[in-house]
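Visitor: I am new to this structure and should like to learn how to read its features. Might we take them one at a time?

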Amino acid sequence: MTSAPTTRAGSHPDQDAEPSHRARLLNALGVSIEERGYRATTVSDIVREARTSRRTFYQEFGTKEECFIELLHTANTDMIDDIVAAVDPEAPWRTQIRQAVEAYVRSIEARPALTLSWIRELPALGPTARPVQRQAMEDFIQTLIALTDTDRMRAAGISTISRSLALLMLGGLRELTAVAVEDGQPVSDTTETMVDAYIALLLPR
């Protein structure tokens, strides 16, 4: 991965845009996670990658964990935005599912180590991490509900999914993703499984 500063994980700013110290530190942590993992990353690694100082880091973040939590929140928001933007609400419902899954897979494959850190390492932070996990899951639940609560879906006989079903869908998706990354397999290899499962769960009854 490049060490150039980015405005969001996996994308580069315009030539004239100068990211803030905070944005540079967040992206530096993202780069370091992809290169050496979260646990092995130190504040020194982050400031070296960001080309700034430890003093600047501690002006922005109290700890490495605080920086990590904000990075994950930003990455989660970016992923949701990408998924929503990829779905054409006028397309056939099966096509919409494929569009959403493929956007998810592209987002994961742009930063697989960060995704694995989210799933496996964030819980290890204990009580500090729990509100972040709950909010992230809530954001995804609301996204799935919104994507199924459309005229096109209703016309196809698809009911707006419940919170329980959304949680079930997301839990399985996260574990399938984590196993693929841990095994060194392309997450895209699971695309058809994800699409088939979501279609089966949403089929009109």
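Visitor: How many residues does helix α4 have, and how far does α4 reach from its first C-alpha to its last?

Guide: Helices here are DSSP runs of H or I with at least four residues, strands are runs of E with at least two, and both are numbered from the N terminus. The expected span of a helix is 1.5 Å times one less than its number of residues. Helix α4 covers residues 64–86, 23 residues in total, and reaches 33 Å, close to the 33 Å expected at 1.5 Å a residue. This is a predicted model, in which local features need pLDDT of at least 70 and side-chain atom pairs count only at pLDDT 80 or more, while totals for chains, interfaces and linings use all residues. Residues are numbered from 1 along each chain as its sequence is written, and side-chain values use heavy atoms, with hydrogens and water left out.

Visitor: Which residues of α4 are buried, and what covers them?

Guide: Buried means under 20% relative accessible area, exposed means over 50%, and partly exposed lies in between, with a 1.4 Å probe and protein chains only. In α4 the buried residues are K64, C67, F68, I69, L71, L72, A75, N76, D78, M79, I80 and I83. Contact means heavy atoms within 4.5 Å. The cover of these buried residues includes α1 (21–36), α2 (43–50), α3 (54–60), α5 (93–110), α6 (112–121) and α7 (130–148).

Visitor: Is S117, in helix α6, buried or exposed?

Guide: S117 counts as buried because its relative accessibility is 3%. Apart from neighbours within four places in sequence, S117 is in contact with I33, Y38, F68 and L122.

Visitor: How many residues of α2 are buried?

Guide: Six of the eight residues of α2 are buried, so that this helix is mostly covered. They are V43, D45, I46, V47, E49 and A50, and they pack against α1, α3 and α4.

Visitor: What is the phi of R51, the residue that follows α2?

Guide: Most residues other than glycine have a negative phi. For R51 phi is near 55°, a positive value in a residue other than glycine. R51 lies in the loop between α2 and α3 and counts as exposed because its relative accessibility is 69%.

Visitor: Where does T41 lie, and which residues does T41 contact?

Guide: T41 is in the loop between α1 and α2, and at 2% relative accessibility T41 counts as buried. Leaving aside neighbours within four places in sequence, its contacts are L29, S32, I33, R36, I46 and K64. From T41 to E66 the separation is 25 residues in sequence and 14 Å in space, C-alpha to C-alpha.

Visitor: How should one read the packing of two helices, and at what angle do the axes of α5 and α10 cross?

Guide: Two packed helices are described by the angle between their axes and the distance between the axes. Axes are lines fitted to C-alpha atoms, for helices over the stretch in contact, and angles run from 0 to 180 degrees between N-to-C directions. The axes of α5 and helix α10 (residues 191–202) come within 9 Å and cross at roughly 140°. That makes α5 oblique to α10, since angles under 35 degrees count as roughly parallel, over 145 as roughly antiparallel, 65 to 115 as roughly perpendicular and the rest as oblique.

Visitor: Which residues of α5 and α10 meet?

Guide: W93, R94, I97, R98, V101, E102, Y104 and V105 in α5 meet T191, E192, M194, V195, Y198, I199 and L202 in α10.
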